Amino acid sequence: MRNRITEMFGIEIPIFGFTHKPEVAIEITNAGGMGALAASYYQPEELEKILTDMDAKTGGRPYCIDVLFANRVGQVVPMSERLKALPKAHVDFVEKVLDDAGIPSLPPEVEAEMLREKPPGHGHTEEGVLEVLEIVVRHPQARFVLSAMGAPPAYVVDRLHSRGIKVGAMAGSAEHARKHVEAGCDLVVAQGSEAGGHTGVISSMVLWPEVVDAIAPIPVLAAGGVGSGRHIAAAFALGCEGVWCGTIWLGASESELTPEMRKKFIAAKSQDAIQRKYDTGKPLRVLRSKWTDAWDAPDAPEPLPLASQKLLVAPALKRLELANAVDYMGYISGQIVGRIKKEQRISEIMSEMIADYENALTRLAQ
Ligand SMILES: Cc1cc2nc3c(=O)[nH]c(=O)nc-3n(C[C@H](O)[C@H](O)[C@H](O)COP(=O)(O)O)c2cc1C
């Protein structure tokens, strides 16, 4: 699997593993791929500690940081102003869904903690992005930064390039990919609509070669529905030079899922991963749950723009998490969830992918 991408980063295998969990990123990196940690998920001081720990546990290997630069965030409002800023009908709807389900209110200390945190959506603003970048550039093993929700602004590309850090961006169409290259990106992740998280509408099979052709000779990583070595072989056949996976790691023992949620992921079918706007105001592929069903009901309001929708649902999602209300908790998931059949270690998933890739090549050669 050695190619331009493995050379670009000095890694052994061009498998990139997106995750919210530092341990998952560490394991993928140590298995020869590149772990990609979602920085926007953490408060800045937490991120500094996490990256220091990742440096210590990855033996000098490079890793990636994923940042949610969003072009259209909407108004970012502090949690203390939440009730004044949000439409009452929306707040009442969310309260009713949770109250009807018997989910306890947030304990006062958790509410107080949420008030101290940066407001929802802050991480997508210029100020929030710069805070993250200042931390990232202090960690020399962070060799790659991926912009998740749009072309990275020039100030970001310049700052990272001046430190020798490669910059990439996620694309859901050939037009997006061209914009990313114009913005100075060194590589592009072409993410098909079957992926977990925020996606476009074009499936991987159609999208990957379209992006490869649109931006050649810039390298492309394939994302959306990759969960085996056969998918990797297909991605290479379609012109991509590496893969970027997210969902497949969720079944791993090291993932952020609780044992109950992991069971739910293992039981889920591909069609249970549905695209809805209820968590962030933008189309997000998540596992279907009683929470998504409630928003699908005819009496549900329309989701708000990104920052407002996050402000609306953040306390509700926290309540569900604390109550361990598994029926109501969906979590982000791609359609490849249907392939997760048992709990495994990350190292096993990586070894199986590589063996399956080699078998695929043997079959093709025959
Ligand atoms: C739990 C989860 C959270 C995600 N959150 C983000 C995110 O914060 N930023 C991002 O760039 N992509 C995010 N994604 C998308 C991944 O980066 C990746 O593109 C996607 O998972 C690839 O498709 P797959 O889910 O079929 O593997 C997320 C995916 C999952 C499964």
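Ala, Val, Leu, Ile, Met, Phe, Trp, Tyr, Cys and Pro count as nonpolar, Asp, Glu, Lys and Arg as charged, and the others, Gly among them, as polar. With these classes in hand, the shell around the ligand in this predicted model divides into 13 nonpolar, ten polar and two charged residues. The shell holds 25 residues, and those that come nearest to the ligand are Ala148, Gly196, Gly197, Gly246 and Gly334. Two elements, strand S3 (63-70) and strand S9 (242-245), give two or more residues each to this shell.

Turning to the overall layout, the domain assignment splits the protein chain into domain 1 (4-74 + 122-255 + 336-365) and domain 2 (79-118 + 269-328). Their C-alpha centres are 27 Å apart. In the contact between them, domain 1 takes part with 15 residues and domain 2 with 16 residues. On the domain 1 side, the residues that touch domain 2 comprise four nonpolar, ten polar and one charged.

The interior is worth a closer look. The largest nonpolar core consists of 89 residues, and the most contacts inside it belong to Val188, Ala190, Val211, Val220, Leu221, Ala222 and Val243. Both domain 1 and domain 2 supply at least three residues to this core. Another core, of ten residues, lies apart from it and includes Leu98, Leu304, Leu311 and Leu312. Within the largest core, Val243 offers a handy example of the local surroundings. Leaving aside residues up to four places away in sequence, valine 243 touches Pro14, Ile15 and Phe16, along with Leu221, Ala222, Val226, His231, Ile232 and Ala235.

The strands complete the picture. Strand S4 (residues 142-149) and S5 run parallel and are joined by four bridges. One of the residue pairs linking them is serine 147 with its bridge partner in S5, alanine 169. Strand S5 itself (residues 166-171) is mostly covered, with five of its six residues buried.

Elsewhere, three strands form an open sheet in the order S7-S11-S10, paired in the antiparallel sense. Strand S7 (197-198) and strand S10 (273-276) each have a single partner strand and stand at the edges, so one side of each has no neighbour in the sheet. Between S10 and strand S11 (residues 284-287), the antiparallel pairing extends over four bridges. Here glutamine 275 has arginine 285 of S11 as its bridge partner.

Methods: Residues are numbered from 1 along each chain as its sequence is written. This is a predicted model: local features need pLDDT of at least 70, side-chain atom pairs count only at pLDDT 80 or more; totals for chains, interfaces and linings use all residues. A residue is near a molecule or strand if its C-beta atom, placed from the backbone, lies within 6 Å of it. A nonpolar core is a set of buried Ala, Val, Leu, Ile, Met, Phe, Trp, Tyr and Cys residues joined through C-beta atoms within 7 Å. A residue is buried if 20 or more other C-beta atoms lie within 10 Å of its own, exposed if 12 or fewer, and partly exposed in between; C-beta atoms are placed from the backbone. Domain bounds come from an automatic or database domain assignment. Two residues are in contact if their C-beta atoms, placed from the backbone, lie within 7 Å. Two strands pair if DSSP finds at least two bridges between them.
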